[in-house]
Amino acid sequence: MKIAVIHGPNLRLLGAREPEVYGTDTLDDVNRKLGAVAQELGAEIETFQSNHEGELLDYIEEAAARVSGFLINPGAFTHTSIALRDALVGVDRPFVEVHLSNTAGRERFRRHSYLSGVAAGVVYGFGVQSYLLGLRGLLGRLDGR
Ligand code: CA2
């Protein structure tokens, strides 16, 4: 079973800035850790990062043909993008939304997500563990567990 992991805008800066908010792992570290969890659970991942909303939409559309679900940290598009929500609903694959930080405890504008209401689940506030827990949850859901 293959899962597409999507990192939204600015997440390529991970590990380089604001470590007190986002931790010290780089995006490559996160992807490596996700690959190890996927392997442990008999699955595989492919990863994609973009700073461009349209590229994320195009990727979701074309990846949907080969993956069973999506794990996505939509970055700031979480709070702005109806188009991203529509794309994820449109491909009819379960997705899990993850965030490194506890978005509920930050600025008011981060409290609303356009995606949460249509996600299979949401994990936030645990740093890189949010991704790893989210992947476990998604694979469990797809296995019918
Ligand atoms: O906590 C998260 O994972 C966020 O999705 C991160 C987004 C933010 O806009 C969301 O509200 C919550 C920001 C991603 C920016 O990534 C950076 C990483 C390191 C240094 C600077 C930015």
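This report walks through a predicted model, starting at the ligand and moving on to a few individual residues.

## The ligand and its surroundings

Let's begin with the bound molecule. The ligand is surrounded by 17 residues, and the closest of them are Asn73, His79, His99, Leu100 and Ser101. Sorted by class, this shell holds seven nonpolar, seven polar and three charged residues. The ligand takes up the space of the largest pocket.

Several side chains approach oxygen atoms of the ligand. For Ser101, a polar side-chain atom lies 2.5 Å from a ligand oxygen. In the side chain of Asn73, an N or O atom is 2.8 Å from an oxygen atom of the ligand. His99 also takes part, with a polar side-chain atom 2.9 Å from a ligand oxygen. Taken alone, the ligand exposes 500 Å², and the protein buries 95% of that.

## Gln49 and its polar contacts

Next, have a look at strand E2, which spans residues 44–49 and includes Gln49. Gln49 has a relative accessible area of 18%; buried means under 20%, so this residue counts as buried.

The side chain of Gln49 makes polar contacts with two other side chains that are worth displaying. With the side chain of Arg12, the contact is at 2.8 Å. With the side chain of Asn51, the contact is at 3.0 Å.

## Asp25, between two helices

Asp25 sits in the loop that runs between helix H1 (19–22) and helix H2 (27–40). Its relative accessible area is 19%, and because the limit for buried is under 20%, Asp25 is classed as buried. The side chain of Asp25 has a polar contact of 3.2 Å with the side chain of Lys33.

## Ser81 and Glu61

Is Ser81 buried or exposed? At 0% relative accessibility, Ser81 is buried. This serine belongs to the loop between strand E3 (69–73) and helix H4 (82–90). If you measure from C-alpha to C-alpha in your viewer, Ser81 and Glu53 are 8.3 Å apart in space, with their positions 28 residues apart in sequence.

Glu61 is placed in helix H3, residues 53–63. With 60% relative accessibility, Glu61 passes the cut-off of over 50% and therefore counts as exposed. The C-alpha atoms of Glu61 and Gly8 are 15 Å apart, and the two residues are 53 apart in sequence.

## Two loop residues with positive phi

Backbone angles give two more places to visit. Glu18 lies in the loop between strand E1 (2–7) and H1. Although Glu18 is not a glycine, its phi is positive, near 50°. Its relative accessibility is 42%, so Glu18 falls between the limits of 20% and 50% and is partly exposed.

Asp92 is found in the loop between H4 and strand E4 (95–99). Here too the residue is not a glycine, and phi is positive at about 55°. Asp92 has a relative accessibility of 66%, which means that it counts as exposed, the cut-off being over 50%.

## Pulling it together

For a quick tour of the model, start from the ligand in the largest pocket, with Asn73, His79, His99, Leu100 and Ser101 as its closest residues. Then turn to the side-chain contacts, including Gln49 with Arg12 and Asp25 with Lys33. You can finish at the positive phi angles of Glu18 and Asp92.

Definitions and conventions: Residues are numbered from 1 along each chain as its sequence is written. This is a predicted model: local features need pLDDT of at least 70, side-chain atom pairs count only at pLDDT 80 or more; totals for chains, interfaces and linings use all residues. Side-chain values use heavy atoms; hydrogens and water are left out. A residue is near a molecule or strand if one of its heavy atoms lies within 4 Å of it. A polar contact is a pair of N or O atoms within 3.5 Å; within protein, one must be able to donate a hydrogen and the other to accept it, and residues adjacent in sequence count only if both atoms are side-chain atoms. Accessible areas come from the Shrake-Rupley method with a 1.4 Å probe; for residues, only the protein chains shown count as cover. On a 1 Å grid over the protein atoms alone, a cavity is a set of points where a 1.4 Å probe fits but cannot get out, and a pocket is an open set with protein on both sides within 12 Å along at least five of seven lines; lining residues have an atom within 4 Å of a point. A molecule sits in a cavity or pocket if more than half of its atoms lie within 2 Å of its grid points. Ala, Val, Leu, Ile, Met, Phe, Trp, Tyr, Cys and Pro count as nonpolar, Asp, Glu, Lys and Arg as charged, and the others, Gly among them, as polar. Helices (H or I, at least four residues) and strands (E, at least two) are DSSP runs, numbered from the N terminus. Buried means under 20% relative accessible area, exposed over 50%, partly exposed in between (1.4 Å probe, protein chains only).
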